[in-house]
Structures are given as structure tokens and as C-alpha cells.
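These are my notebook entries on one structure. I begin with single residues and then turn to helix pairs and cores.

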Amino acid sequence: MEILSSYNLIIGASLIVVLSFFFNGISKKTNIPAVLMLIVLGILIKIGLEIFIPEIPDFKGSLEILGTVGLIMIVLEAALELELKKEKLWPILKSMAIALIGLVGSAYVAALILYQFIPNMTMQSALLYATPLSILSSAIIIPSVGGLSEQKKEFHIYESTFSDIMGIMMFYFLTGKLNPAEDTGVVGFSINFAVTIVIALVASYAIILVFQRIKSQAKLFLLISVLLLLYAIGKKMHLSSLIIILVFGLIVKNVNLFFPGKTKIFLEKERMQQIYHELHIVTLETAFVVRTFFFVIFGITIVLSSLLSVNVAIVSLLIIASIYAIRFLILMVFVGKDMLPQLFIAPRGLITVLLFYAIPAEAQIEGFESGILLFVIIATSLIMTWAMIRDKRKMGTMLDEIDEEIIERNLAEDAIRETEDEDYQEMDKATIDKIEPKDTH
């Protein structure tokens, strides 16, 4: 176990962060999601460890903790980017509707597929397994859509964030159904949601009013610790805790909207701007580090032999086909024909893995192979990569055509000017000949 000494772990962790930084750079140039490179890195680390260590430690516990912290940071990061304005109300509502219909539709069809192909699978368990496979990954989407137009970029941020939140709520609603004593039905679920919103608003206002008056420079990780505490307590109370994080981020980003009129006297504008700026940086950096280690550890825990199963391939391909078929129909209704590359930006990732490990023991089915999970994650990420590269090339071609048109137009204008100059010169010469008296001598 000398290879797992403290110094070796520090060296390994540092190298992983450095490589992740370079992966992000490669991702921006090639549109290949950095997440895929991190998963491959994890697989390579696993192969290397198997050479030197007889038995690899179980990383699943750390995977759950990293996934939870990463989820909180990613949602907070997304919320700090969302500016609420009247003109953005329709895009927000449209994104929410697309996320909800896509989530429910994909989960139901995926559940039917799992029910038919997995032995001993009940429809209730099938829905639980299908829900994580139906949630968009904001951890992959948000860092990947920076090169799109502002309108499409905002759509994907809204959609993936809502998909994360509603997917988690749906998953825990279904787990509650497993225990009749805890099942409160739709009415109880609605009350739970309303209570969460109220707690989120009260907590967010309280945090803002307190933290803008703290003079210490070292307060941002204290703020993040408070948010993590609220999230964990909310989960203990069976609340939709992720909404607390989302609401807080939205209020910090849109303080002028949430502190209207005379209530602005409670705000210290400069301090709030400083808190927003610093929180945005810390959230971005923390999300990057947590996301890095989550997907590397996920790569280490992957059982590659499960990908060789024919049943895994058939089930995975059917689920993937259903994901894009349902997405095509939804986008056709809400967006119209201009649905590229949005149609293919539907990767699964962090939430899928996190919720898969959270499936209760009483709902777990031995016949379900984890290779399905990996197959869907990798395939949807590769499809997104292809779509982004294709869109980038298309944009490059369009820009080239525009450049050519501008050059042609400039050449045409130069030719016209030259012709006009020649005409003017001839006219001036003719005029001079008329004005100047002829020499009679």
C-alpha cells in the first residue's frame, strides 16, 4: 500500500487538477467534453492501480459526497449567471416546460424499456432506474455551451438547471412511494415544495443581510458552509433542498429585483457587488475541482466488462434513441425548425451517477447492469460533441461566406468608385475645354 502514501496521493491529486485544466483548454478548442477525458483518465488510473495494488479501495462513499457538493456548486454557479428580466420570463418558462416534459417522457419510455428487457424488474423499480437516465447533466452542458449564441446558451443553462432540480425532486418522490408510511402523495409533495420555497426565501434574505455586514475578508467559505448546512438539513427534513441553493443564487444575482423600492435601504450596494463577484469566482473554482475528482473517481469505479454485454448494448441504444426521439418532438413544438444543435445537447452525467447510487436497497434489481449507465453517459456525451463540432464548422463556414461577401462587395464598391472617378475626370476635362478660350493665334 506504499503507493497510496500521503505524498503520493498529494502528487496524484495535484496532477489530476493540472490535467483537468488542460482538458478544459482542449475542450474549448475541440468541443469534446472535458468530462469524457476525466472519465478516461479515471479508467487509466484504475488500470495502473491494478498493476501495483491487489485490491483497489472502494471509492463509492467519496463519490457520493463529491457528487452532492459538486451538484450544489454547479446549481449555484448556474443561478449566479441567470438574470431575471420581464423579457426573459417566456424563455425561462419555455425552458422549464421543455425540461419537465422531456424528463417525464424520457423516464416513462426508458422505464418501459427496462421493464421489458431486465429480468425481475418491476415497473416501480424501472421508473426509479429510468429517472437518473432522463436527467440532463448541467455539469457537462454549462461548461460546454459557451460558444453558442446568447439565446441558445441561456436556453441550455435554464433547461439543464431545471432538469437537475425537477429530476431530483421526481426521484425522491418515487422513493417515497416505496414506503407507504412516508408517501404523502401529490398534495403532500406540493406542500413540501411550497414550504421549501418559503424556507429558501427567508434563509436567502437572512444570509444576505448578515453577510454583507461581516467585515472579515475570509467569509466566502463560511457562506458556502452555511449553504451546505442548509442543504443537508433540508434533505434530513425531506425538503427539495436544491431549490434553496437556486433561490439564493438568483437573489444574489438579482438583488435589485428582490429588494424593490424602499427596501433598498437594507442593502449595501458595494458590499453586495463584492460578495457576488467573489462568490462567483469561488463557486466556479470549487465546481471545477469537485467536478474533476468526481468524474475521475467515477472512471476508477467503472466495471468495463459490463460494456461487453449484448443486452447492455441493446437496452442502452433503445434508451438513447428514445431520448432523442422525445426531444425532437418537444423541440419541434416549442422551438420550431431551428433546433440544432439543441436537439443533440442532452448528455447524462453527474446527477445520473449520483442518483443511481442513491436507489434504495428495496428497489435495487440484481439483473440491472451498471454498464447501461456508462453506455448512456458516454454515448450522449459523444453525440453532443459531434453536434457542437458540426455547429462550430457550420458557423465557421457561414463566417467565411460572410467574409467573402464583404470582400466581393468592397471590390465592387472600389470598381464603382474607380469608374465614377474616371467619369468625373472626363467631365472635368470636358468642362475645362468649354470654359477655357481657344487660342486664335
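Is Asn-120 buried or exposed? I looked it up: Asn-120 is exposed, with a relative accessible area of 73%. My cut-offs are under 20% relative accessible area for buried, over 50% for exposed and partly exposed in between, with a 1.4 Å probe and protein chains only.

Before going on, I note that this is a predicted model, in which local features need pLDDT of at least 70 and side-chain atom pairs count only at pLDDT 80 or more, while totals for chains, interfaces and linings use all residues. Residues are numbered from 1 along each chain as its sequence is written, and side-chain values use heavy atoms, with hydrogens and water left out.

**Entry: backbone at Asn-120**

I placed Asn-120 in the loop between α4 and α5 (123-133). Its phi is near 65 degrees, a positive value in a residue other than glycine. I checked this because most residues other than glycine have a negative phi, and most peptide bonds are trans.

**Entry: the cis bond and Lys-152**

I then went to the bond between Leu-340 and Pro-341, which is cis, with omega about 5 degrees. Pro-341 sits in the loop between α13 and α14 (350-356). Which residues does Lys-152 touch, not counting those up to four places away in sequence? I found Asp-338, Leu-340, Pro-341 and Gln-342; contact here means heavy atoms within 4.5 Å. Lys-152 belongs to helix α7. I list Lys-152 as buried because its relative accessible area is 18%.

**Entry: overall counts**

For the protein I recorded 15 helices and zero strands. Helices (H or I, at least four residues) and strands (E, at least two) are DSSP runs, numbered from the N terminus. Of the 441 residues in the protein, 46% are buried. Taking contacts between residues at least 6 apart in sequence, I note that 81% join residues at least 24 apart.

**Entry: α4 with α13**

The axes of helix α4 (residues 89-117) and helix α13 (residues 310-334) come within 9 Å and cross at roughly 150 degrees. I therefore enter α4 as roughly antiparallel to α13. Axes are lines fitted to C-alpha atoms, for helices over the stretch in contact, and angles run from 0 to 180 degrees between N-to-C directions. Angles under 35 degrees count as roughly parallel, over 145 as roughly antiparallel, 65 to 115 as roughly perpendicular and the rest as oblique.

I entered the crossing of α4 and α13 as right-handed. A crossing is left-handed if the near helix is turned anticlockwise from the far one by less than a right angle, and right-handed if clockwise. On the α4 side the contact includes Gly-102, Gly-105 and Ser-106, and on the α13 side it includes Ile-319, Ser-322 and Ile-323. By class, I have 17 nonpolar, five polar and one charged residues in the contact of α4 with α13. Ala, Val, Leu, Ile, Met, Phe, Trp, Tyr, Cys and Pro count as nonpolar, Asp, Glu, Lys and Arg as charged, and the others, Gly among them, as polar.

**Entry: α3 with α7**

How do α3 and α7 lie to each other? Their axes, for residues 60-79 and residues 150-178, come within 10 Å and cross at roughly 140 degrees. The pair is therefore oblique, and α3 passes α7 in a left-handed crossing. I read off Leu-71, Val-75 and Ala-78 from α3, against Ile-157, Thr-161, Asp-164 and Ile-168 from α7. This contact has five nonpolar, one polar and one charged residues.

**Entry: cores**

A nonpolar core is a set of buried Ala, Val, Leu, Ile, Met, Phe, Trp, Tyr and Cys residues joined through side-chain atoms within 4.5 Å. The largest one has 115 residues, and those with the most contacts inside it are Leu-71, Leu-114, Phe-248, Ile-319 and Ile-372. Its largest share, 12 residues, comes from α12. Another core, of seven residues, lies apart from it and has Ile-98, Phe-155, Ile-326 and Met-339 among its members.

**Entry: Phe-298 and Leu-19**

In helix α12 (residues 269-301) I picked Phe-298, which counts as buried at 3% relative accessibility. Leaving out residues up to four places away in sequence, Phe-298 touches Ile-39, Leu-63, Val-353, Leu-374 and Ile-377. Phe-298 and Leu-38 are 260 residues apart in sequence and 9.0 Å apart in space, C-alpha to C-alpha.

My last residue was Leu-19, in helix α1 (residues 6-30). Leu-19 is partly exposed, with a relative accessible area of 34%.
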